[in-house]
Amino acid sequence: EGRHGQKKQQTESPEALKARQERESVLVKEYTALKESFNEITNSKQRDNDALKVTTAILRKSPDYYSVWNERRRILKEGFLDKADDASSNTIYTNELEFVQENLKLNPKSYFMWNHRRWCLENMSKPRWDRELAMVSKYLEMDARNFHAWVYRRYIIRQMDQQEKGEDATEKRLERAQSEFDFTTAKISQNFSNYSAWHNRSTLLGKLAAVMTEEEREMVVDNEFDLIKNAIYTDPEDQSAWLYNLWLIGREDKSISIPGAYAISFHPLEIVVTFDETVRLRNSFTMSTRVDQTVVGLEGEWKATGSDPSVGSVWIFQQTLDSTYGSTVELIIFPDDVCAVRAGSKLAAATCFELETSNQDLESVPSRLSRLVVGKNTMYDVSKRISPTSGSDGTVETQKQAPKYLVTSLTGSDKHEDRVALLDREISTVRELVEIEPDCKWPIQILSTLLTELRKTVSIHSPRAKDIDDESIELQEKLISIDPLRQERYEDRRTQLVFDRETLKIIKGSRRFPEIEFADVQSKDLDLSMRGLTHIPISSYFIHLETLNLDSNSITSTRFLRNLLSVKRVILSNNSIERLEGVQHAPCIEFLALENNLISKWEDVVAGFMFWREGKLGRTGGTVKVMLGGNPVVENEGGEYVLEQRWADVGEVGVEIQWQTEEHRLAEEATGGAGGDKGDVPRRLSTVTAVGL
């Protein structure tokens, strides 16, 4: 043994080393010659046996050389198959299948060889799918977790299903699905850590459940939960069964919500619509008004706040200057008018708002629009868009369908309590495992997800909701400590949970999910300092605020400022911001504290005020004071006095920047303006919080 108990590496003798290098040199020369021949074949478009032999020789040495597989198919198609009859073609394809199978022994996880095999089968006149199924079964005996083989197996089953004809075709497909389901059971029983088998099981179970009764589905679901429990208790660190567990439990569909709409100007008319997530506009929202007893469309343009007017969570309607509106303005947003940037969420139903302009108070803006029931006494004929059947109360029938509550991904119920009971049961199971394996991340992650689902079933202001929120936040903090490699992901999730908890008073007292609405009374001030936030998840919630304190968090971007249409004072000192963004789009901002952040370059300061004069505040002659003391840019760019001169040269009227920290400025005033030591000041809760507010 060598030092530290490590085995010494046996070294080759000079003679053995020389012999090995000579052998390798010969192999390299042979392979280089083959590649040169292949290049000549490709350039000359040679399509004969010699060309085919070269590709064969290369693929025996390098079976994953996808360019050679592509060229081989061209050689076969243009040099052999174009002239061959059906019998000869089948012989060629059969030989190719044998060649691929021989090469698969070298690398059974090669994308290119499995693809070449598909190409052969899809071009044969009578492929033997049963033989293919037997072949891939053998590969899964050798390696039950070879996902290439599982993908190929599903492909074979699809082909076999498509060939079924006649009255018993559906029955045969179901029998085949059951056989495949049993196959996954066998493979999972051999090794729970088989993600491909679990995934295949989920696709098959959906097909089989479609023809079951509700009682049969419930029995199958119970059996699946038993199988999952065995798997997670056997190996709680393996993610396969956990992910299948989440699929089986299912998730309620996320609906886009419109918390509120407001008029922020009457001459010209400007209306703001807020969403609880970022959306793109597919169709302009329907604006109607009544002029001389006639309903007409209100002309104008919808734009999102910020630099990209095509995407956002806050949208503004600006009336065309030469158009007019009557005493009532109506706004209808249909489900297909918007699409979420995040996949999987959509607007569940049409939403209607109304603005009475006859008694408008020009000083009282923003003025909230009232909600109307879609289809009841609306100006716009909604049947043009959603083909409704009016009920006795004038509402649209399609808007008030009785819900079928999700229980699992395979079962539903008319009773909401069934979903709650299932979640409570599964949460109890996972909690038991967390107690046994307190430092295992997967049970904690799944517990957090289940609590999120349970949170959707309770009123947002209930004591149980608070308990769920508190536990969910603690779980994220636990994950941060035991899984530091994914710390940022857990911190972002914790931020979302903390944000939801701290903004409860903004939302009406009901289930947050699937639809939310702003509370009738809104505070003008919000203190979210020292909450550990990494970002602002839903900045449209802050549309009412005039003062927002975000001091001493871990926020990295100011882009959310573009949605703060009423805010005047924002405290963002002691965060992790590296670049100013969105300031130019905040129309009412007067004071912005950014002391002790990470802004290090002059360009990252100027970026926050690009096109300042084009923004509403710049156009109206408003002013904003920005506190940038304690940022690296002060030292990096030559000090506060140099920066003051550079900013004066920029000539942005209405923007005053203070390059000193407020603490230093107050210290100078206390000493009569004398210089003194300006060493590093520790990051702490900013004095701007007190002085600025």
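This passage describes the overall make-up of a predicted model and then its salt bridges, aromatic contacts and one nonpolar surface patch.

In the predicted model, the protein chain contains 22 helices and 21 strands. Of the 693 residues in the chain, 48% are buried, and the chain as a whole exposes about 35,200 Å², of which carbon and sulfur atoms supply 48%. When contacts between residues at least 6 apart in sequence are considered, 61% of them join residues that are at least 24 apart.

The salt bridges number 39 in total. One of them is formed by the side chains of R47 and E71, with a nitrogen-to-oxygen distance of 2.8 Å. This pair links distant parts of the chain, since R47 lies in the loop between helix 1 (14-44) and helix 2 (49-61), whereas E71 belongs to helix 3 (residues 66-79), 24 residues away in sequence. Both partners, R47 and E71, are buried.

A further salt bridge is found between the side chains of R425 and D222, where the distance from N to O is 3.9 Å. Because R425 is located in helix 13 (residues 416-436) and D222 in helix 10 (residues 214-234), this pair ties together parts of the chain that are 203 residues apart in sequence. R425 has a relative accessibility of 37% and therefore counts as partly exposed, and D222, with a relative accessible area of 40%, is likewise partly exposed. The R47 and E71 pair, by contrast, is made of residues that are both buried.

E517 and K508 also form a salt bridge, in which the closest N and O atoms are 3.4 Å apart. E517 counts as partly exposed because its relative accessibility is 24%, a value that lies above the 20% under which a residue is called buried. K508, at 28% relative accessibility, is also partly exposed. These two residues do not stand alone, as R368, R371, K508, E517 and D520 are linked in a network of salt bridges.

Among the aromatic side chains, 22 pairs were counted. In one of these, W114 and Y152 adopt a tilted arrangement, with 4.8 Å between the ring centres and 45° between the planes. The pair links distant parts of the chain, with W114 in helix 5 and Y152 in helix 7 (residues 147-163), 38 residues apart. Both W114 and Y152 are buried, and the two residues belong to one aromatic cluster that also includes W129, Y139 and Y155.

Aromatic rings also meet charged side chains in the model. R72 lies over the face of F99, at a distance of 4.3 Å from the ring centre, and R646 is placed over the face of W602, again at 4.3 Å from the ring centre.

A nonpolar patch of about 280 Å² is present on the surface, where it is made by Y111, F147 and V151. Y111 is located in helix 5, which spans residues 111-123, the helix that also holds W114 of the tilted aromatic pair. With a relative accessible area of 49%, Y111 counts as partly exposed, because the term exposed is kept for values over 50%. Helix 5 thus contains the partly exposed Y111 as well as W114, a residue that is buried.

How values were computed:
Residues are numbered from 1 along each chain as its sequence is written. This is a predicted model: local features need pLDDT of at least 70, side-chain atom pairs count only at pLDDT 80 or more; totals for chains, interfaces and linings use all residues. Side-chain values use heavy atoms; hydrogens and water are left out. Patches are made of residues with over 30% relative accessible area and no salt bridge: like charges are joined within 9 Å, nonpolar side chains (Val, Leu, Ile, Met, Phe, Trp, Tyr) within 5 Å. Accessible areas come from the Shrake-Rupley method with a 1.4 Å probe; for residues, only the protein chains shown count as cover. A salt bridge is a side-chain nitrogen of Lys or Arg within 4 Å of a carboxyl oxygen of Asp or Glu. Helices (H or I, at least four residues) and strands (E, at least two) are DSSP runs, numbered from the N terminus. Buried means under 20% relative accessible area, exposed over 50%, partly exposed in between (1.4 Å probe, protein chains only). Rings of Phe, Tyr and Trp (its six-membered ring) pair if their centres lie within 6.5 Å; planes under 30 degrees apart count as stacked, over 60 as edge-to-face and the rest as tilted. A charge sits over a ring if NZ of Lys or CZ of Arg is within 6 Å of the ring centre and within 35 degrees of the ring normal. Contact means heavy atoms within 4.5 Å.
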